[in-house]
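Colleague: I would like to understand how the words used for a fold are justified. Could you take me through them step by step?

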Amino acid sequence: MKAIAITRAAENGSNLDALQDITLPRPQAGGHDILVEVNAISVNPVDTKVRAGYAGGEPRVLGWDAVGKVIEVGEAVTLFQPGDEVWYAGSLTRPGSNSEYQLVDERIAALKPKSVDNAAAAALPLTAITAWEMLFDRLGIKENGSENDVLLIVGAAGGVGSILTQLARKLTKATVIGTASRPESQKWATELGAHYVIDHGKPLTEELKRIGIKQVTHVASLTNTEQHYAQLIEALIPQGKFALIDDPTALDVRALKAKSISLHWEFMFTRSMFTTSDIIEQHNLLTRVANLIDQGVLRTTLGEHYGTISAANLRRAHELLETGRAVGKIVLEGF
């Protein structure tokens, strides 16, 4: 089968050109695995991080977002049958979706939305899981909960921010404040439902005062947490909740003590990495999101379509993601 893999470690600080088209044997399904013929994928920051950190050895297939058709099922599979169209984000510990066929545990996959095409659907699984878990599981905001909740989303125009903004606006009663620094990203965040959009290129506390917000109850920091850390703590109410997904080199957690602020890390691969007892929740979550899309409550976060799934197009996608200027998600489709 065709695949795109990272084939060597970084030299002189980069290994972008080490994304290469290769050929691999087609895998076979067993146990809880389904074998999926991949039709469309999207590219996430985790792809660039894993590529940059690759230490060499066997070529590694990246990619953690896919839509495709079930070709074969393992003997323990109960949720799907051949011919089903599914979507999923896969597991960080297994070969990725940048290949014609992929094995995935049925418990982290779901039937794709019926109302959107493969490219539009492929933009969503990883970011939808991340956003859902962050909003409801980590930050503890309730569906149709308190009108007193005020959520600040740092990086509201990115992949996770794009769906988190929608979930918070559509399913909760929180006031949603997104941050974005460019006119096009500010417009995008507003269109997705943010009540307010402020500029994270300026001091956040001053930007909040500008829109008449004294403090927030919850923070979802999706990018540059270290840069904004002190101001986010200042902006949070006592006993507020602070969640993040990026990888700061260091955070002084003692700074949270005076306000009894709780710190929550969201990593959507935890369930699949450790085969947790509640791993089926990712199937349930993606099923719910698919229904919300089909009901018109949520929309795709597809930003750009980069053509077919190839090494050349994946290099372009990685390059744009590493600038930090992507709006929405980058999708590739077909071989």
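Modeller: Let us begin with two helices, keeping in mind that this is a predicted model. The crossing of H3 and H4 is right-handed, and the contact is made by residues including Trp132, Leu135 and Phe136 of H3 together with Val160, Ile163 and Leu167, which are among those of H4.

Colleague: What classes of residue make the contact of H3 with H4?

Modeller: By class, there are twelve nonpolar residues and three polar ones, while no charged residues take part.

Colleague: Why is H3 called oblique to H4?

Modeller: The axes of helix H3 (residues 125-138) and H4 come within 8 Å and cross at roughly 50°. Angles under 35 degrees would count as roughly parallel and 65 to 115 as roughly perpendicular, and because roughly 50° belongs to neither range, H3 is oblique to H4.

Colleague: What makes helix H4 roughly antiparallel to S9?

Modeller: Helix H4 (residues 159-171), which lies across S9, S10 and strand S12 (216-221), runs at about 170° to S9; angles over 145 degrees count as roughly antiparallel, so the term applies here.

Colleague: How do you know that strands S9 and S10 pair?

Modeller: Pairing requires at least two bridges, and four bridges join strand S9 (residues 150-154) to strand S10 (residues 175-179), so the two strands pair, and they run parallel. In S10, Thr175 is the bridge partner of Val150.

Colleague: What makes S11 and S14 the edge strands?

Modeller: In the open sheet of six strands, the order is S11-S10-S9-S12-S13-S14, and strand S11 (196-198) and strand S14 (262-265) each pair on one side only.

Key: Residues are numbered from 1 along each chain as its sequence is written. This is a predicted model: local features need pLDDT of at least 70, side-chain atom pairs count only at pLDDT 80 or more; totals for chains, interfaces and linings use all residues. Side-chain values use heavy atoms; hydrogens and water are left out. Contact means heavy atoms within 4.5 Å. Axes are lines fitted to C-alpha atoms, for helices over the stretch in contact, and angles run from 0 to 180 degrees between N-to-C directions. A crossing is left-handed if the near helix is turned anticlockwise from the far one by less than a right angle, and right-handed if clockwise. Ala, Val, Leu, Ile, Met, Phe, Trp, Tyr, Cys and Pro count as nonpolar, Asp, Glu, Lys and Arg as charged, and the others, Gly among them, as polar.
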